[in-house]
Amino acid sequence: MTSTVLSIGSNIGDRLARLQSVVDGLGNAVRAVSPVFETDAWGGVEQSPFLNAVLLADDPGLDCHDWLRRGQRLEEEADRVRGQKWGPRTLDVDLVTCHDGDVEVLSRDEDLTLPHPLAHLRAFVLIPWLVVDPDATLTVVGRSRRVAHLLEEIDPAERAGVRPTDLALDFHPEPAAD
C-alpha cells in the first residue's frame with residue numbers, strides 16, 4: 001500500500017474552497033484531515049496569508065509519482081499558475097513524504113524529491129501534521145526524526161505564525177471493513 005502526507009495551501013480567492021477541492025478530488029483515498037490553520041506567507045514575498053492543512057491518504061494503486069501527478073492535476077484544476085517562486089497561489093499541493101507499506105520512499109530524481117526537502121523547516125507543515133499523526137517521523141539528512149522534535153527546532157516566531165482557525169474541511173472517512 002502506498003500512503004502519503006500532503007501539505008495543502010491557498011492564499012488566492014476562496015481559500016477554503018480550494019483546500020476542500022483537494023479533499024474532494026482525492027475522495028476515498030483520504031484517511032485523515034488536519035484542522036485548517038492560517039499561516040503567514042513563507043519565503044519573503046509580500047502576499048496575503050495562507051490557509052493550510054495536512055492530509056493523510058493512501059491508495060494501493062498509486063506510486064509516489066502518481067501522487068505527484070494527482071497533486072499537480074488538482075493544482076491545475078484550481079487554475080494554479082507557476083510564476084514567482086514562493087509567490088501567491090490559488091492552490092499548492094506538496095508531497096511531504098510517501099511510504100510503500102512501512103518503508104519511507106526516498107527519491108532524488110529530477111521530477112520528485114522525497115521527503116520534501118524543506119518540510120522539516122516549515123511550521124505550517126509540521127503543526128497540522130502533528131494534529132493528525134502525533135507519532136509522525138520524517139527523514140532529514142538520512143536520519144528518521146520525530147516531527148515533534150523537528151517542530152521544536154523551528155523559530156518560535158515562525159511557529160506563532162501558524163494560527164488555528166474555526167474553519168474545517170468536510171471529510172467523512174469510509175467506515176472500516178469488517
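Helices (DSSP runs of H or I, at least four residues) and strands (DSSP runs of E, at least two) are numbered from the N terminus. The model is predicted: local features need pLDDT of at least 70, side-chain atom pairs count only at pLDDT 80 or more, and totals for chains, interfaces and linings use all residues. Residues are numbered from 1 along each chain as its sequence is written, and side-chain values use heavy atoms, with hydrogens and water left out.

**View 1. S7 and its surroundings in strand β1.** S7 is placed in strand β1, which covers residues 2–10. The relative accessible area of S7 is 4%, so S7 is buried (buried means under 20% relative accessible area, exposed over 50%, partly exposed in between, with a 1.4 Å probe and protein chains only). Residues up to four places away in sequence are not counted among the contacts of S7 (contact means heavy atoms within 4.5 Å). The residues that S7 touches are A53, V54, D92, V93, D94, V96, F124 and V125.

**View 2. The disulfide between C64 and C98.** One disulfide is found in a search of the whole structure (a disulfide is a pair of cysteine sulfur atoms within 2.5 Å). The sulfur atoms of C64 and C98 are 2.3 Å apart. Because C64 lies in helix α2 (residues 64–77) and C98 in strand β5 (residues 92–100), the pair ties together parts that are 34 residues apart in sequence. The torsion about the S-S bond is about -100°, so the disulfide of C64 and C98 is left-handed. C64 counts as buried because its relative accessibility is 8%; C98 counts as buried at 0%.

**View 3. The chain as a whole, for orientation.** The chain contains five helices and 11 strands. Its C-alpha trace spans about 45 × 35 × 35 Å along the principal axes. The radius of gyration of the chain is 15 Å, which agrees with the value near 16 Å for a compact globule of 178 residues (taken over C-alpha atoms; the globule rule is 2.2 Å times the number of residues to the power 0.38). Of the 178 residues, 46% count as buried. Among contacts with a separation of 6 or more, 67% involve residues 24 or more positions apart.

**View 4. The surface and the charges of the chain.** About 9200 Å² of the chain is exposed, and carbon and sulfur atoms supply 50% of this area (Shrake-Rupley method with a 1.4 Å probe; for residues, only the protein chains shown count as cover). The chain has 17 positive and 31 negative charges, and their mean positions are 5 Å apart. Lys and Arg count as positive and Asp and Glu as negative, while His and the chain ends are not counted. Each charge is placed at NZ of Lys, CZ of Arg, CG of Asp or CD of Glu.
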